[in-house]
Amino acid sequence: MWRYLGRRLLTSLSVLIGVSIFTFLMLHLVPGDPVHALLGRQAVTPERLEELRQELGLNDPIPVQYFNYIKDVFQGDLGRSLKTNRSVLDSIKEQFPSTFQLTIVALLISSTFGIFIGTITAFSHNSWWDKILSIVTISGISIPPFFFGLLLILFFSVKLNWLPAVAKSNDPQGLILPAFTLAIGEASWLARLVRSSILEEFDKSYQWTARAKGVRESTVLFYHVLRNSLIPIVTAISLQFVYLMAGSVVVESIFARQGIGRLAVTAIQNRDFPLVQGTVAFIAVIYVLINTITDLIYAVVDPRVRLK
Amino acid sequence: MNKMNDFRHGQIPKPPSIFDLLMHNFNFILGAVILILLVLIALLAPMLATQDVNSADPTATFIVPNVNQWMGTDNIGRDIWSRFVFGSRISLLVGLAAMVIGMLFGSILGIIAGFYGSLIDSVLSWMTEVLMAFPGMLLALSVMAVLGPGLTNVIIAVGIGSIPSFMRMARSSVLKTREMDYIEAARTIGCTDFRILFRHILPNILRPLIVLATLGIGGAILEGASLSYLGLGAQPMTPEWGSMLSAGRAFLTNAWWVSVFPGLGIFLAILSINLIGDGLGDVLDPINK
């Protein structure tokens, strides 16, 4: 167990280092001089350019710049937005609660619907229900969130006037449409995963042993089959949290909602590099952390993982 | 019943071929029909379009869909059906081109990593894992931040975003293939690494890669359209479904058709590929059927 733990943590650390290199290099990969990328379309004298280069340390060798960048990150300094001159970390702190709220509600919706539909289709597999729901879930995976969100607005805001189309962050009613828009793809995906993991367990011989011992059918299904198929499902749900967070990029723009996703998109549109680097790295770091924690929990729950 | 009779008469029934199975798979057929229709629309676009995609008519703005203008007109009087028809070309092209880029570079990296192993493999695998730490569209978005807006850049960004999955697939296939006896034989008779890689290994691992690329087109269309929706891809004049939908949002209350039809186009394109993928999955891997 300890060896597995050590190895897993080491892998995550190396990925985190990679993420930091990637986000650091973003600015240097932009064609042309990084100072121009930072200044955008502003016109400045060559003297001012040189001054800025000195100021931002862009004249240092790239490895030195990287180590300075890491040093700043560890001191909680992610740089300042070029547009608003606000600290990137402050902006992220300010916007994150809104995205977190949306992500959690969407996660609740997607896991409830996903597990429910997945279980129904698995237990009634090859029936008409299964076939109809399979087309429903494929459609759910295929529908672009910006189109689904638009349809929801069209029906529930424009036609029925039940729910607001523009989501204010502290209005629970305004959360419903964005959360469903964000959840539909992941819910459908989860339903298919639940279906196939249950069906896979159906084929295993332990349940025939249980039946042979005279265990009731409902006990076999709920106690044996469902429990064993839960392992991959729980992993999937924990990773969905991050996928939903990444999905907020589009969904927050549809509903003009505050949040990390919208922050990232506006930063990219404005070519506001410190803000882009900050938001992108933030989501990636959360992804790596959740991935690591999930793997470790997995190893505790299922001893087979540790031996690989 | 027929099969029972076959058994009784001492004949062994022929197992159905993959093609037969696919022809009896509802999802596959539905997907294939939608895809063929979309491809036909894309190919015949100049014949199907009733107007020039950018001919604006200030006297005919926001016309409700009718017999002459099947999909109505937009805020400056452009015919949406004509724009829809040409838009199919762009969306399908973005999906296809992005997958070609992803498959090409991902496979090369994966083959090198799998074949040479050791340090090269570790470095390349580490790079893939780093790229995979940017979930969903985040990788493509980061690339867009570097490249700047534009339709070509969307194709490159979505393509780069798909490199990790191709590289993983190619690497694991090479790892399995390189231990085969015929590779050993090729080495014995003095084939160069290059020849072994591209003459002996590549043709044998191509099939799963092509399947991955085909099924990835749906996701690539989605990512491309999302980037355009966010205003990073096609310019407003270009009839691209994602940006058409985005431009129509402002008129949602009085003219739903401006954004709903392009959205429907994107949805159907992705749906068709996913239905085909689902059908193939059922037939090739019948356990979950």
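Me: What makes Asn126(A) count as exposed?
Reply: Asn126(A) has 9 C-beta neighbours inside 10 Å. A residue is exposed if 12 or fewer other C-beta atoms lie within 10 Å of its own, buried if 20 or more do, and partly exposed in between, with C-beta atoms placed from the backbone. Asn126(A) therefore counts as exposed. The model is predicted; local features need pLDDT of at least 70 and side-chain atom pairs count only at pLDDT 80 or more, while totals for chains, interfaces and linings use all residues. Residues are numbered from 1 along each chain as its sequence is written, chains are lettered from A and ligands numbered from 1 in the order in which they are written.

Me: What is notable about the backbone of Asn126(A), and where does this residue lie?
Reply: Asn126(A) is not a glycine, yet its phi is positive, at about 75°. Most residues other than glycine have a negative phi. Asn126(A) sits in the loop between α5 (88-123) and α6 (128-142) of chain A; helices here are DSSP runs of H or I with at least four residues, strands are runs of E with at least two, and both are numbered from the N terminus.

Me: How do you know whether Ala256(A) is buried or exposed?
Reply: Ala256(A) has 12 other C-beta atoms within 10 Å, which means that it is exposed. Ala256(A) also has a positive phi, of about 50°, although it is not a glycine. The residue is found in the loop between α10 (217-254) and α11 (260-270) of chain A.

Me: What relation do α5(A) and α11(A) have, and why?
Reply: The axes of these two helices come within 7 Å and cross at roughly 130° (axes are lines fitted to C-alpha atoms, for helices over the stretch in contact, and angles run from 0 to 180 degrees between N-to-C directions). Angles under 35 degrees count as roughly parallel, over 145 as roughly antiparallel, 65 to 115 as roughly perpendicular and the rest as oblique. The crossing angle therefore makes α5(A) oblique to α11(A). On the side of α5(A), the contact uses Ser91(A), Ile92(A), Gln95(A), Phe96(A) and Thr99(A), and α11(A) adds Ile260(A), Gly261(A) and Leu263(A); two residues are in contact if their C-beta atoms, placed from the backbone, lie within 7 Å.

Me: How do the residues of that contact divide by class?
Reply: Four are nonpolar, four are polar and none is charged. Nonpolar covers Ala, Val, Leu, Ile, Met, Phe, Trp, Tyr, Cys and Pro, charged covers Asp, Glu, Lys and Arg, and the others, Gly among them, are polar.

Me: Why is α11(B) described by its direction relative to α12(B), and what is that direction?
Reply: The axes of α11 (residues 241-248) of chain B and α12(B) come within 8 Å and cross at roughly 155°. That angle makes α11(B) roughly antiparallel to α12(B). Among the residues that meet are Trp241(B) and Leu245(B) in α11(B), and Pro262(B) and Ile266(B) in α12(B). By class, this contact has six nonpolar, five polar and no charged residues.

Me: Which handedness do the crossings of α11(B) with α12(B) and of α5(B) with α8(B) have?
Reply: The crossing of α11(B) and α12(B) is left-handed, whereas that of α5(B) and α8(B) is right-handed. A crossing is left-handed if the near helix is turned anticlockwise from the far one by less than a right angle, and right-handed if clockwise. For α5 (residues 80-116) and α8 (residues 151-177) of chain B, the axes come within 5 Å and cross at roughly 35°.

Me: What makes up the contact between the two chains?
Reply: Chain B gives 39 residues and chain A gives 43 residues. On the side of chain B, α12(B) supplies the largest share, nine residues. That side has 25 nonpolar, eleven polar and three charged residues.

Me: How many helices and strands does each chain have?
Reply: Chain A has 13 helices and zero strands, and chain B has twelve helices and zero strands. Buried residues make up 37% of the 308 residues in chain A, and 45% of the 289 residues of chain B count as buried.

Me: How confident is the predictor in chain A?
Reply: The mean pLDDT, the predictor's confidence in each residue from 0 to 100, is 84 for chain A, and 95% of the residues score at least 70. Among its elements, α13 (residues 303-307) has the lowest mean, 67, and α5(A) the highest, 91. Where pLDDT is low, the predicted coordinates should not be read in detail.
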